[in-house]
Amino acid sequence: MSEKLLTIQDLPKKDYEVYRLEKAKADAYGKVKLDKDYSYSISPAFSGKEVWLKITHSKVHILNEDYKTILSHNRLYGKNYESMDWVPYLVLMQKRPTALKYTSFYDDMPLDLKSYFEKCDHEEKKVGLKVLSKLLLEMDLEKASEVFKLAEEKNLRDEDSLTAAYHRLTRGVLEIKDIKLSMNVPNLDPYITNNSEYDIFLKGGVQ
């Protein structure tokens, strides 16, 4: 009785992507619904527009009409009914900074960050929101709050100072070391300026 040899073929070089694709329309706040109960943010700029949802077991990718990814969220399950990326909304909120206090984002703010914005006037809130939206592209909310805590301790309110506080927190204070000169560098006699020479040149100076 002859034996048949079984051969194992190589696995595919590319992962097989399992997902479903469906159309959705953003509401007035730039959010889309999935499975009726779960809400995912896009941006206020997409209010009333249609998008594609690329849905996997762990992610919800929001695509434009050209199937380019706009934003990705972790897929919601259970009792978590909304996933928000607040950065696009903070950019819009710069025009109406008083609205910040009435958002769920404000409720979730660390105390240091709330304290900073509570002490800002209207224009300072605009600046703070502008800087915060940029920081959240690079770090989480807790880390961004540390920047504003440092800013409040130093009473920093303008954009340049807030940016400097960010660099100081993330990169530290630059240490400038003393320059050590070679023993071959000659000592130079001090030079003393004699302004009378200029008076002679100007014929007694300006009267």
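**Hairpin, salt-bridge network and nonpolar cores**

Strand 2 and strand 3 make a hairpin in which three residues lie between the two strands, and Asp35 in the turn has a positive phi of about 55°. This is a predicted model, in which local features need pLDDT of at least 70 and side-chain atom pairs count only at pLDDT 80 or more, while totals for chains, interfaces and linings use all residues. Residues are numbered from 1 along each chain as its sequence is written, and side-chain values use heavy atoms, with hydrogens and water left out. Helices (H or I, at least four residues) and strands (E, at least two) are DSSP runs, numbered from the N terminus.

The pairing within the hairpin is antiparallel: strand 2 covers residues 31-34, strand 3 covers residues 38-41, and four bridges connect them. Two strands count as paired if DSSP finds at least two bridges between them. Leu34 has Tyr38 in strand 3 as its bridge partner. The hairpin strands belong to an open sheet of three strands with the order 2-3-7 and mixed pairing. Strand 2 and strand 7 (82-83) are the edge strands, each pairing on one side only. Strand 3 and strand 7 run parallel and are joined by two bridges; here Ser39 has Glu82 in strand 7 as its bridge partner. In general, strands of a sheet pair through backbone hydrogen bonds, either parallel or antiparallel.

The turn residue also takes part in salt bridges. A salt bridge is a side-chain nitrogen of Lys or Arg within 4 Å of a carboxyl oxygen of Asp or Glu. The whole structure holds ten of them. Asp35 forms one with Arg20, where the closest N and O atoms are 3.1 Å apart. This pair links distant parts of the chain, since Asp35 is in the loop between strand 2 and strand 3 and Arg20 is in strand 1, 15 residues apart. Asp35 also meets Arg75 through a salt bridge, at 3.5 Å from N to O. Arg75 lies in the loop between strand 6 (69-74) and strand 7 and Asp35 in the loop between strand 2 and strand 3, so this pair ties together parts that are 40 residues apart in sequence. Salt bridges with shared partners join Arg20, Glu22, Asp35 and Arg75 into one network. Within that network, Arg20 and Glu22 form a salt bridge whose closest N and O atoms are 3.0 Å apart.

How accessible are these residues? Buried means under 20% relative accessible area, exposed over 50%, and partly exposed in between (1.4 Å probe, protein chains only). Asp35 is partly exposed at 40%, Arg20 is partly exposed at 34%, and Glu22 is partly exposed at 26%.

Tyr19 is found in the segment before strand 1 (20-25) and counts as partly exposed, because its relative accessibility is 42%. Together with Leu21 and Tyr67, Tyr19 forms a nonpolar surface patch with about 310 Å² of accessible area. Patches are made of residues with over 30% relative accessible area and no salt bridge, like charges being joined within 9 Å and nonpolar side chains (Val, Leu, Ile, Met, Phe, Trp, Tyr) within 5 Å. The areas come from the Shrake-Rupley method with a 1.4 Å probe, and for residues only the protein chains shown count as cover.

Two serines sit in the loop between strand 3 and strand 4. Ser43 is in this loop and is buried, with a relative accessible area of 13%. Ser47 lies in the loop between strand 3 and strand 4 (50-55) and is partly exposed at 32%. Contact means heavy atoms within 4.5 Å. Leaving out residues up to four places away in sequence, Ser43 touches Tyr29, Gly30, Pro88 and Tyr89, and Ser47 touches Ala26, Asp27, Ala28 and Gly30.

The last topic is the interior. A nonpolar core is a set of buried Ala, Val, Leu, Ile, Met, Phe, Trp, Tyr and Cys residues joined through side-chain atoms within 4.5 Å. The largest such core has 27 residues, of which Phe117, Leu132 and Phe148 touch the most other members. Helix 1 (87-93), helix 2 (104-107), helix 3 (111-118), helix 4 (122-135), helix 5 (141-153) and helix 6 (159-171) are the elements that give two or more residues to this core. Helix 5 gives the most, with five residues. Beyond its neighbours within four places in sequence, Phe117 is in contact with Leu100, Met109, Lys125, Gly128, Leu129, Leu132 and Phe148. A second, separate core has 13 residues, including Ala24, Val32, Val51 and Leu76.
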